[in-house]
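Please take me through this structure, step by step. I am new to it and would like to know how its parts fit together.

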Amino acid sequence: MTKRVLVTGGAGFIGSHLCETLLAQGHEVLCVDNFYTGTRSNVGHLLATPNFELMRHDVCLPLYVEVDEIYNLACPASPVHYQFDPVQTTKTSVIGAINMLGLAKRVKAKILQTSTSEVYGDPAVHPQEETYWGNVNPIGPRSCYDEGKRCAETLFFDYRRQHDLGIKVARIFNTYGPRMHPNDGRVVSNFIVQALQGQDITLYGDGNQTRSFCYVDDLVSGLVRLMETGHDVTGPINLGNPGEFTIRQLAETVIDMTGSSSRMVFKALPQDDPKQRKPNLDRAMEVLGWQPTTRLREGLDLTIRYFDRILSSESRKGSGSPAETGRPNDTRQSFVA
């Protein structure tokens with residue numbers, strides 16, 4: 001059955017891939033984005049698709065549309081971007097959630113919140129399972145994102161308890177792939193860009209902190225499966241890849257795959273940066289029948305090819321674009337009090 005689906009943050013890295021998948025399934029897709037970190041180029045190839053509509057809008061303002069399902073992805077997700085305007089980051093998570101939940105309640109739509117593994121903070125439990133309440137600093141430089149997402153989860157479950165709303169909450173672990181912002185501060189994009197440009201590869205701490213890396217196509221399939229579940233399934237459900245690698249191992253792999261002459265340099269670990277991150281996927285496998293299938297080197301190869309094209313294109317255009325400066329596309333209207 002064809003559905004009309006709203007994807008907020010739909011011009012972003014994950015959102016654009018989700019829009020593609022939903023269109024391929026035959027749905028009508030309304031992509032909403034304020035282009036703070038998302039870009040029109042991420043969805044430019046979809047504009048001629050009859051079932052696709054692109055709307056510039058900030059979720060901090062109410063939205064009045066008629067839809068059957070809502071995927072709420074709107075929020076800057078990398079430290080460089082969410083710390084650029086931390087007050088707005090919190091507003092996007094909290095006020096944006098309130099507005100999208102209000103819309104879902106009015107039109108009786110199912111709504112999925114893309115939460116994050118950051119709700120676990122610097123975890124004292126490893127691997128992280130959904131019953132773990134987390135170890136988050138509520139007043140640190142990362143808390144605008146961590147606590148904003150935690151509050152959004154609270155709102156989703158309160159709407160469920162108070163209004164019996166059909167909610168879904170996914171906790172996304174590190175995701176990578178084509179259309180990542182070249183200078184978004186995330187470890188995969190950082191390492192690939194530095195290696196391709198022959199720059200020093202920057203590691204923080206001793207490089208022995210661990211992460212798990214999920215390719216974007218796997219992640220999107222998990223989101224869609226979660227949305228397709230019945231009213232009784234709410235989550236939260238971890239979505240990620242359980243393969244655990246040290247940051248040093250990732251750097252070595254990227255250097256090897258790019259054939260780069262880059263060397264590794266070490267800097268102080270940022271405040272509240274988690275030492276370990278790995279999802280327990282038991283619930284995803286049991287409830288969704290889902291697990292990732294893309295191996296790290298396979299996903300990295302596709303991602304490296306993408307960045308190689310982007311950097312070559314930017315080099316031909318010259319400097320000064322957001323992709324080169326690493327600043328967000330600061331074209332949104334400011335709602336900071």
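Gly198 comes after helix H6 and has a positive phi, near 70 degrees; helices here are DSSP runs of H or I with at least four residues, numbered from the N terminus. The model is predicted, so local features need pLDDT of at least 70 and side-chain atom pairs pLDDT 80 or more, while totals for chains, interfaces and linings use all residues. Residues are numbered from 1 along each chain as its sequence is written, and side-chain values use heavy atoms, leaving out hydrogens and water.

Step back into H6 itself, residues 187-196: 9 of its 10 residues are buried, meaning under 20% relative accessible area with a 1.4 Å probe and protein chains only. Among them are Val187, Val188, Asn190 and Phe191.

Phe191 also leads us to the largest nonpolar core, a set of buried Ala, Val, Leu, Ile, Met, Phe, Trp, Tyr and Cys residues joined through side-chain atoms within 4.5 Å. This core has 58 residues, and Phe191 and Leu250 are among those that touch the most other members. Helix H7 (residues 216-227) gives the most to this core, with 7 residues. Apart from it lies another core of 26 residues, including Leu30 and Val59. In soluble globular proteins, nonpolar side chains tend to be buried together.

What does Leu250 touch, leaving aside residues up to four places away in sequence? Its partners are Val187, Val188, Phe191, Phe213, Leu296 and Leu300, with contact meaning heavy atoms within 4.5 Å. Val187, Val188 and Phe191 bring us back to H6, where they are buried.

Methods
Buried means under 20% relative accessible area, exposed over 50%, partly exposed in between (1.4 Å probe, protein chains only). Helices (H or I, at least four residues) and strands (E, at least two) are DSSP runs, numbered from the N terminus.
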